[in-house]
Amino acid sequence: MVLYKLEDFEPNYRDTIEGQDINGLGVYTQGNDEKVGTVSDILVDEEGHFRYLVVDLGFWIFGKKVLLPIGRARIDYNTDRVYTLGLTREQAEQLPEFNERQTLDYDYEERVRGIYRQPTDYTLPLDASAPLAPLAAPIAAPLDATPASARDNYNYEGEPSLFGLNEQDHQTLKLYEERLIASKRRQKTGEVSIGKRVETDTARVVVPVERERVVIERVTPADAGTAVSGREADFREGEVARIEIHEETADVRKEAFLREEVRVRKVVDQETVETQETVRREELEVNSANLPIEER
């Protein structure tokens with residue numbers, strides 16, 4: 001069966017495990033808490049089931065990476081540690097080195113599984129008071145006497161001691177609660193249209209004008225009746241005096257002038273809106289039937 005790195009199989013896997021990432025956790029031996037190394041990757045099968053942890057044995061064997069079957073690991077998120085069940089330094093030295101560029105075929109996995117099938121002296125932890133996540137708390141079952149080893153029909157479920165996830169002793173009960181999440185939604189409440197219209201009116205203007213007229217006056221001079229010489233008395237028929245007459249007329253025209261400016265702008269008024277809803281919260285109820293229970 002083909003194996004994949006978890007991040008290659010599901011790039012967004014961190015969103016589905018609620019932040020409980022195994023990569024980078026320290027690996028310790030069960031019982032004496034001796035640090036072995038760190039988890040550098042996770043291998044899953046074609047259906048996404050956890051099969052191996054890639055462990056960098058930097059504290060035991062510098063520069064060597066090996067595969068740890070998921071059934072031989074117990075992951076404790078309370079301490080951010082991975083505990084190996086029954087792994088010894090001798091087994092770590094016998095395990096084939098993991099190389100990312102190497103194809104993980106049946107023969108390679110059989111070499112890995114063969115090391116872990118060797119009898120070891122270890123006991124399963126009996127302390128079930130610390131809650132562990134189901135996928136992060138696999139407990140090894142007793143070693144199988146006759147492991148499945150058929151090349152074409154190998155089934156991981158056939159070796160629960162290596163790949164089984166025993167969730168019976170370690171279960172997680174999640175308590176949920178509802179919270180009010182406040183957000184704002186912008187919506188249109190109306191529209192203000194501002195434009196111009198032309199109105200007509202009758203305007204009156206008073207313009208003073210001048211008009212010329214001829215006034216003819218006949219007067220008797222003071223020396224009337226006095227004889228004049230023939231040279232002065234120039235009798236000429238048809239003599240005419242011409243005077244130009246002018247008058248002013250009103251010349252009215254229209255001109256446009258700027259009267260005023262209208263400035264349009266928006267002002268945002270802020271106010272606080274309070275609302276309330278009924279929310280639910282789950283509380284833990286323990287029915288122990290007078291059995292001793294320890295809560296942490």
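**Exercise 1. A salt bridge at the surface**

Which residue does the side chain of glutamate 261 meet in a salt bridge?

*Solution.* Before we start, please note that this is a predicted model, in which local features need pLDDT of at least 70, side-chain atom pairs count only at pLDDT 80 or more, and totals for chains, interfaces and linings use all residues. Residues are numbered from 1 along each chain as its sequence is written, and side-chain values use heavy atoms, with hydrogens and water left out.

Step 1. Take the term: a salt bridge is a side-chain nitrogen of Lys or Arg within 4 Å of a carboxyl oxygen of Asp or Glu.

Step 2. Find the partner. Glutamate 261 pairs with arginine 263, at 3.7 Å from N to O.

Step 3. Check the surroundings. Buried means under 20% relative accessible area, exposed over 50%, and partly exposed in between (1.4 Å probe, protein chains only). Glutamate 261 has 57% relative accessibility and so counts as exposed; arginine 263 is exposed too, at 75%.

Step 4. Look at a network. Glu109, Glu110, Arg113, Arg117 and Glu159 are joined into one network by salt bridges that share partners.

**Exercise 2. Two more pairs**

Find the salt bridges of aspartate 45 and glutamate 247, and say how accessible the partners are.

*Solution.* Step 1. Recall the idea: side chains of opposite charge can pair when their charged atoms come close.

Step 2. Aspartate 45 meets arginine 51 in a salt bridge of 2.9 Å, N to O. Aspartate 45 is buried, with a relative accessible area of 1%, and arginine 51 is buried at 4%.

Step 3. Glutamate 247 forms a salt bridge with arginine 211, where the closest N and O atoms are 2.5 Å apart. This pair links distant parts of the chain, 36 residues apart, with both glutamate 247 and arginine 211 in the segment after helix 5 (160-163). Glutamate 247 is partly exposed at 47%, while arginine 211 is exposed at 62%.

Step 4. For the overall count, a search of the whole structure finds 19 salt bridges.

**Exercise 3. The layout of the chain**

How many helices and strands does the chain have, and in what order do the elements run?

*Solution.* Step 1. Helices (H or I, at least four residues) and strands (E, at least two) are DSSP runs, numbered from the N terminus. The chain has five helices and seven strands.

Step 2. Read from the N terminus, the order is β-α-α-β-β-β-β-β-β-α-α-α.

Step 3. Turn to burial and contacts. Of the 296 residues in the chain, 26% are buried. A contact means heavy atoms within 4.5 Å; among contacts with a separation of 6 or more, 65% are between residues 24 or more positions apart.

**Exercise 4. Positive phi angles**

Where do aspartate 33 and aspartate 80 lie, and what are their phi values?

*Solution.* Step 1. Aspartate 33 sits in the loop between strand 2 (26-29) and strand 3 (35-44). Its phi is positive, about 55°, although aspartate 33 is not a glycine. With a relative accessible area of 40%, aspartate 33 is partly exposed.

Step 2. Aspartate 80 is found in the loop between strand 6 (73-76) and strand 7 (81-84). Phi of aspartate 80 is also positive, near 55°, and aspartate 80 is partly exposed at 47%.

**Exercise 5. The company of leucine 25**

Is leucine 25 buried or exposed, and which residues is it in contact with?

*Solution.* Step 1. Leucine 25 lies in the loop between helix 2 (13-16) and strand 2.

Step 2. At 10% relative accessibility, leucine 25 is buried.

Step 3. Neighbours within four places in sequence aside, leucine 25 is in contact with Gly37, Thr38, Val39, Ile75, Tyr77, Asp80 and Val82.

**Exercise 6. The largest pocket**

Which residues lie nearest the centre of the largest pocket?

*Solution.* Step 1. On a 1 Å grid over the protein atoms alone, a pocket is an open set of points where a 1.4 Å probe fits, with protein on both sides within 12 Å along at least five of seven lines; lining residues have an atom within 4 Å of a point.

Step 2. The largest pocket is lined by 20 residues, and Arg185, Arg186, Gln187, Val268 and Asp269 lie nearest its centre.

Step 3. Sort the lining by class: six residues are nonpolar, five polar and nine charged. Here Ala, Val, Leu, Ile, Met, Phe, Trp, Tyr, Cys and Pro count as nonpolar, Asp, Glu, Lys and Arg as charged, and the others, Gly among them, as polar.
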